[in-house]
Amino acid sequence: MTPAKRPWWARTEAPGPWFKVGSDEVRLLRDGVEAFPAMLAAIAAAKREILLEMYWVGSDAVGIKFREALTDRARDGITVRVIYDAIGSLSITPSFWDPLVRAGGEVREYHPLSPLKPAFELARIEQRDHRKILVVDGVRGFTGGLNLARAWLPLEDGGDAWRDDMIEVIGYATAELRTLFYKTWRRMGFRRLPQDPLGSLALPDDLVPLSKRPTGKVFVLASLRRSKRNLRREYLARLNRATRSIDIANSYFIPDRAVRNTLYRAVLRGVRVRVLVPSKSDVAIVQFALEAMYEALLRNGVEIFSFSGPMMHAKTAIIDDRFATIGSYNLDERSQTKNLEVNIGVEDDAFATYVRRWFDRDIETATHLDLYEWRARPIVRRGIEYMAYALRKLW
């Protein structure tokens with residue numbers, strides 16, 4: 001008799017190896033099949049505190065499973081705090097979190113859409129929390145592109161098998177993720193209901209400083225523009241210093257002129273530049289805007305690979321096999337100016353090479369776009385692409 005298949009959350013898929021980098025340890029988690037069980041295991045092992053900051057929590061098997069796991073730990077007396085984005089998590093209602101709140105957990109909605117809520121601010125309605133952060137006991141942290149939703153489950157579990165990356169960190173960088181979470185938590189607290197727990201606006205006294213410049217080889221990068229460790233500045237600096245290779249997997253790749261010119265200059269220096277993008281985005285207008293840029297990118301020597309499998313949602317970059325960054329940051333207008341984002345940067349040859357080898361596997365199954373074949377696409381499609389690109393700052 002064939003043994004019963006274990007549910008997705010109970011599987012122990014073997015993620016990649018741990019890499020010791022300075023005082024931290026990091027490992028790459030690919031797709032929901034590796035990331036979800038690792039995150040749930042960390043939640044189950046928590047002893048003091050669980051912090052979750054998530055753009056998209058689905059009203060589905062994944063969202064419910066994580067809510068149940070958090071509720072169980074809150075019931076055990078563990079501090080559990082959750083931030084979720086109002087637009088990203090549009091499918092859930094405030095009552096979704098009732099079991100967690102009744103168990104003693106705290107939940108805050110980032111920039112709610114209802115004018116009836118005290119925290120509503122029309123001027124901030126376009127500013128969204130696009131981060132995906134889980135921090136357990138201040139020592140184990142996760143961030144990347146995965147949200148807590150069914151789309152990241154394997155096909156055999158009723159999901160869409162979206163291709164994505166997550167990074168797990170043990171060490172000082174996790175403490176920086178914790179600091180980043182609490183800065184957002186406190187800002188939101190100033191606009192909360194008066195029945196918030198006393199002292200909820202006060203930051204814990206053991207937070208590490210988020211210094212202007214990284215002090216280690218594993219470090220947090222964030223946005224918006226005025227935040228420390230600015231993602232855009234770091235991206236541009238790393239691209240400008242590249243000497244051999246730039247490999248970028250980005251689900252909503254619509255870079256501005258400065259990023260494009262930086263890539264073009266890298267090609268002129270002899271750097272191999274490869275970009276992996278989805279062949280069919282989950283957001284149609286984004287796909288058309290992305291395709292509007294293909295011709296210019298190809299003409300200037302940037303290699304483009306179109307991922308033809310399930311939605312490619314990763315936000316990963318590897319520079320010279322020396323530096324890798326994984327997180328929520330897309331090279332588009334929204335991530336640059338409207339979203340809260342977070343990436344982890346890792347300066348380590350072994351880890352960067354390992355991530356790049358997985359990138360190579362992804363492009364083996366992708367379509368390598370040809371400039372002359374791309375130019376032969378229908379004129380009507382070109383018109384749609386250019387209109388979508390012209391509207392890129394509006395969505």
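**Exercise 1. Locate D137 and describe its backbone and its surroundings.**

Solution. Start with the position: D137 sits in the loop that runs between β7 (132–136) and β8 (140–144), where strands (E, at least two residues) and helices (H or I, at least four residues) are DSSP runs numbered from the N terminus. The model is a predicted one, in which local features need pLDDT of at least 70, side-chain atom pairs count only at pLDDT 80 or more, and totals for chains, interfaces and linings use all residues. Residues are numbered from 1 along each chain as its sequence is written, and side-chain values use heavy atoms, with hydrogens and water left out.

Next comes the backbone: phi of D137 is near 60 degrees, a positive value in a residue other than glycine. Most residues other than glycine have a negative phi. Finally, D137 has a relative accessible area of 12% and is therefore buried; buried means under 20% relative accessible area, exposed over 50%, and partly exposed in between, with a 1.4 Å probe and protein chains only.

**Exercise 2. Carry out the description for H111.**

Solution. H111 is found in the loop between β5 (106–110) and β6 (128–129). The phi of H111 is near 45 degrees, a positive value in a residue that is not glycine. With a relative accessible area of 5%, H111 is buried.

**Exercise 3. Work out how helices α1 and α2 are arranged.**

Solution. Helix α1 covers residues 31–44 and helix α2 covers residues 61–75, and the two pack at an angle of about 15 degrees with their axes 9 Å apart; the axes are lines fitted to C-alpha atoms, for helices over the stretch in contact, and angles run from 0 to 180 degrees between N-to-C directions. It follows that α1 and α2 are roughly parallel to each other, since angles under 35 degrees count as roughly parallel, over 145 as roughly antiparallel, 65 to 115 as roughly perpendicular and the rest as oblique. The crossing of α1 and α2 is right-handed, which is the case if the near helix is turned clockwise from the far one by less than a right angle.

**Exercise 4. Trace salt bridges that involve E49, D360 and R377.**

Solution. The structure holds 34 salt bridges, each being a side-chain nitrogen of Lys or Arg within 4 Å of a carboxyl oxygen of Asp or Glu.

- E49 pairs with R178, the closest N and O atoms being 2.7 Å apart. Because E49 lies in strand β3 (residues 49–54) and R178 in helix α4 (residues 172–189), the pair ties together parts that are 129 residues apart in sequence. E49 is buried at 9% relative accessible area, and R178 is buried at 10%.
- D360 forms a salt bridge with R274, with 2.8 Å between the closest N and O atoms. D360 belongs to helix α10 (residues 349–364) and R274 to strand β12 (residues 272–278), so parts 86 residues apart in sequence are tied together. D360 and R274 are both buried.
- R377 meets E295 in a salt bridge of 3.9 Å, N to O. R377 is in the loop between α11 (371–375) and α12 (379–390), while E295 is in helix α8 (residues 294–299), 82 residues apart. Both R377 and E295 are buried. Salt bridges that share partners join E291, E295, R299, R375, R377, R381 and E385 into one network.
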